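Subject: Structure for you to look at

Dear colleague,

I am passing on the structure we talked about, with my notes underneath it. Please read them with the structure open beside you.

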Amino acid sequence: MRPRRLERVIELALLLSAVLSVLTTAGIIIVLAVETFEFLRAVPLVEFLTGTEWTPLFASPRFGVLPLIAGTVLVSAIAMAVALPMGLLSAIYLSEYAPEPLRRVVKPVLEILAGVPTVVYGYFALMFVTPLLQRVFPQMAGFNALSPGIVMGIMILPLVSSLAEDAMRAVPSGLREGAYALGATKMQTALQVVVPAALSGITAAFILAVSRAVGETMIVAIAAGQQPRLTASPFVPLETMTAYIVQVSLGDTPQGTLEYRTIFAVGMLLFLMTFALNLASTWLRERFREEYS
Amino acid sequence: MKRRADLAFRVLATGTLIVALITLAALVLDVLADGAGRLSWRFLTSLASRRPEDAGIYHALAGSVWVIVITAALALPLGVAAAIYLEEYGTNSRLARFIEINIANLAAVPSIIYGLLGLGVFVRFMGMGRSVMAGACTLALLALPVVILSTREALRTVPKSIREGSYALGATKWQTIWHQVLPVAVPGILTGLILSLSRAIGETAPLITIGALTYIPFAPDGVWSPFTVLPIQIFNWVSRPQAAFKENAAAGILVLLALLLMMNAAAVFLRDRFQRQGRS
Amino acid sequence: MSPAPPPLSPLARIAARSGAPSVPDTPVKVEAAQLNFYYGQKRALDGISIQIRTRLVTAFIGPSGCGKSTFLRTLNRMNDIIPGTRVEGRVLVDGQDIYGAHVDVVALRRQVGMVFQKSNPFPKSIFENVAYGLRINGMARTRAELSERVEESLRQAAIFDEVKDRLHESALALSGGQQQRLCIARALAIRPEILLMDEPASALDPIATQRIEELIYDLKKTYTIVIVTHNMQQAARVSDCTAFFWLGRLVEYDRTDRMFTAPAEKLTEDYVTGRCG
């Protein structure tokens, strides 16, 4: 029966398209693993993970990745200090307080904030925020961690807000009504009843935001600098893992060399970090869904 | 006392939203102030140059268009096909669940990792070199999870009764999907595609990684040609120390934002038509 | 179109119980033999055995959830679409087991058509709705032949005169009753031998319902019709034979006039007189 065979062929073609996503994941893992493996044949893992100097492009190179990790962590921490409280406040407000017409205005604004390309945010951080901050902190350098950190926080705020809001809206209204009936104010209900009830969903949102900050590239590539530095100061130039990959890609590093392989090694580290964070976030979200459905 | 705390909280929360709003406004105004002066027809039609006053954005704009068109041509059929499989054929099988988990994970992978993937697989292994094609393939993989997700949602809105009516007439599964389900889902699919493309057009990191050049003074002349795109050109200008180049960067940003505005407006228009169609 | 036959007078009722046939004894078209049906672990149909006869109208009645719609859908294997369902026993159409190993379900559904409870016209034009079945089954080779068959089906469903000037307008603009007649036309277009109707008039007003019932009375000259209805008066008006289902079992199956005037089972009597269900 020809039509029947055609159906089978079509189903196979559709299946292959779906399997492409599995191939993509496999491709990522294989590409990163192969090059990282080659890298680790030249640079011992211990040196890579515990060394405190990262100068792979110098005449006498050092391959300690801690400065890059420190840079990533510092910028992400600043971003989270902005995005988490503001995002949660925004979510509480939208979920528990805001009247419908206000929501209809605020939500698109947040969506726009989330949709601005990161290169634009990078420009904004370098050209507007840094000079502004330098007036407050004259010791701040032109490239630093504070400015991109703050801008990144604003960029991630909508993500935290919308995910936390979803979590809070999933909390049954019966819980709220019980609190109101006991004379609690909106704030008390929100903070003492709804947020704790939605905690695993909110935590999942936070973890996803961290993952997003860790993987962010252009804002830091433009505004944070290219000097790997093991530091806790938000006022000096540094380099994140992502910005390093960009730096090497822009240059003329020939393929197949050790320097070239460093971007894959750093990339592998980045992938593992974000993968672990995403996994944690998904697990928490599943648990939250089970609680409330 | 309770009232005061409640009020303070409300003020704090409103303040948060105001800060977000002000930031957005500051961003737009700042870019406008810096770049509006440079914006002109000449800017749009000139190629790159070492002198900021002569440097235009044509080559980057052309590169962006080339890349986005091919990305769409790749992501649309693959994404729709995958979504059809997951939504209509594979429900609840273990393979389908595994694929779904993969897609959810891929949606959260940083875009620069896709760049490394593209570098290893498309540029080197498949020998595409630093071409438009390699860039488009990379961006297509990046866009795929969103296209798949929004297509599945569009498919889900097609009522079961239409599928049943089709099967009862002796139609096969594919006939039902092709003739009845897809036509109804098309507006939703296109909306999702446009939204994912509007994200792709602002992507910088993965294309830098696969080797889109930051100084390339000509528009692409084919899919195997080297290229650059709008956000990379902006990045390049912002990285130059001369103040004049910063104006170019701001002007470039205005062009990029205008492009995004148009694409999102198209998506909203489609979504409205979609809803109106559903109501009739 | 002739109206439904008038209810039997008391004398005719006695004559009916005595066994004098008032309905032709035609060959068996569809037969179920010890049919069990499962949704997952739950058994929805229990040991159904019934013989449905050619060119008669057979009604399935019973309270909600008794399995009459489920059984109807086993006759054209529409339950295959629902995941986790299982069939035991046999269903024969023209003597062939439709759940056999090499049965072509597509061909089966061409032979056994279906009209649904809530009319479900496709979001296309009236013409395209009817033409769809013809197209996918390759039943019309030229545009002219297609138009001819579409018109023929619309006439059979007694709707052609109402829509002949707007064949290319959206089917969704029609009224509920018209949409249902369009769905009947759509089902008839592919020339099935058997027509399954799942509560076809339950969503319609009394006037539209009457038109559907008249249509059924007309169609039974050509087609074997099985109609599920929760409206007992409708079953009494329209059908030649009636099957009464209760909790997944077939309780009684008989000529309609006998079923409603002198049923054999007490449960049937309780149901048709409204004492239960």
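The buried residues of α7 in chain B pack against α8 of their own chain and, together with that, against α3 (105–111) and β6 of chain C. Please bear in mind throughout that this is a predicted model. Within α7(B), the residues that are buried are B:Gly165, B:Ser166, B:Tyr167 and B:Ala168, and just after this helix B:Gly170 adopts a positive phi of about 90 degrees.

This helix also belongs to the contact between chains B and C, to which chain B gives 16 residues and chain C gives 21 residues. On the side of chain B that touches chain C, α7 (160–168) and α8 (173–200) each supply at least two residues, and the largest share, six residues, comes from α7(B). By residue type, that side of chain B divides into six nonpolar, nine polar and one charged.

On the chain C side, strand β6 leads on to a sheet. Which strands of chain C make up this open sheet, and in what order? There are six, arranged as β6-β7-β8-β3-β9-β10 with mixed pairing, and the edge strands, each of which pairs on one side only, are β6 (112–115) and β10 (249–255) of chain C. From one strand to the next, the twist averages 20 degrees. Further in, strand β3 (residues 57–61) of chain C runs parallel to β8 (residues 224–228) of chain C and is joined to it by four bridges; C:Thr58, for instance, has C:Val226 in β8(C) as its bridge partner. Helix α7 of chain C, which spans residues 176–189, lies across β6 and β7 (194–198) of that chain and runs at about 170 degrees to β6(C).

In chain A, I looked at a pair of helices. Helix α3 (residues 66–97) of chain A packs with helix α9 (residues 199–215) of chain A at an angle of about 145 degrees, their axes being 9 Å apart, and the crossing of α3(A) and α9(A) is right-handed. From α3(A) the contact is made by A:Thr72, A:Ser76, A:Ala79, A:Met80, A:Ala83, A:Leu84 and A:Leu88, and from α9(A) by A:Ile202, A:Phe206, A:Ala209, A:Val210, A:Ala213 and A:Val214. What kinds of residue does the contact of α3(A) with α9(A) hold? They divide into 11 nonpolar and two polar, with no charged residue.

With best wishes

Note on methods
Residues are numbered from 1 along each chain as its sequence is written. Chains are lettered from A and ligands numbered from 1 in the order in which they are written. This is a predicted model: local features need pLDDT of at least 70, side-chain atom pairs count only at pLDDT 80 or more; totals for chains, interfaces and linings use all residues. Two strands pair if DSSP finds at least two bridges between them. Axes are lines fitted to C-alpha atoms, for helices over the stretch in contact, and angles run from 0 to 180 degrees between N-to-C directions. Two residues are in contact if their C-beta atoms, placed from the backbone, lie within 7 Å. A crossing is left-handed if the near helix is turned anticlockwise from the far one by less than a right angle, and right-handed if clockwise. Ala, Val, Leu, Ile, Met, Phe, Trp, Tyr, Cys and Pro count as nonpolar, Asp, Glu, Lys and Arg as charged, and the others, Gly among them, as polar. A residue is buried if 20 or more other C-beta atoms lie within 10 Å of its own, exposed if 12 or fewer, and partly exposed in between; C-beta atoms are placed from the backbone.
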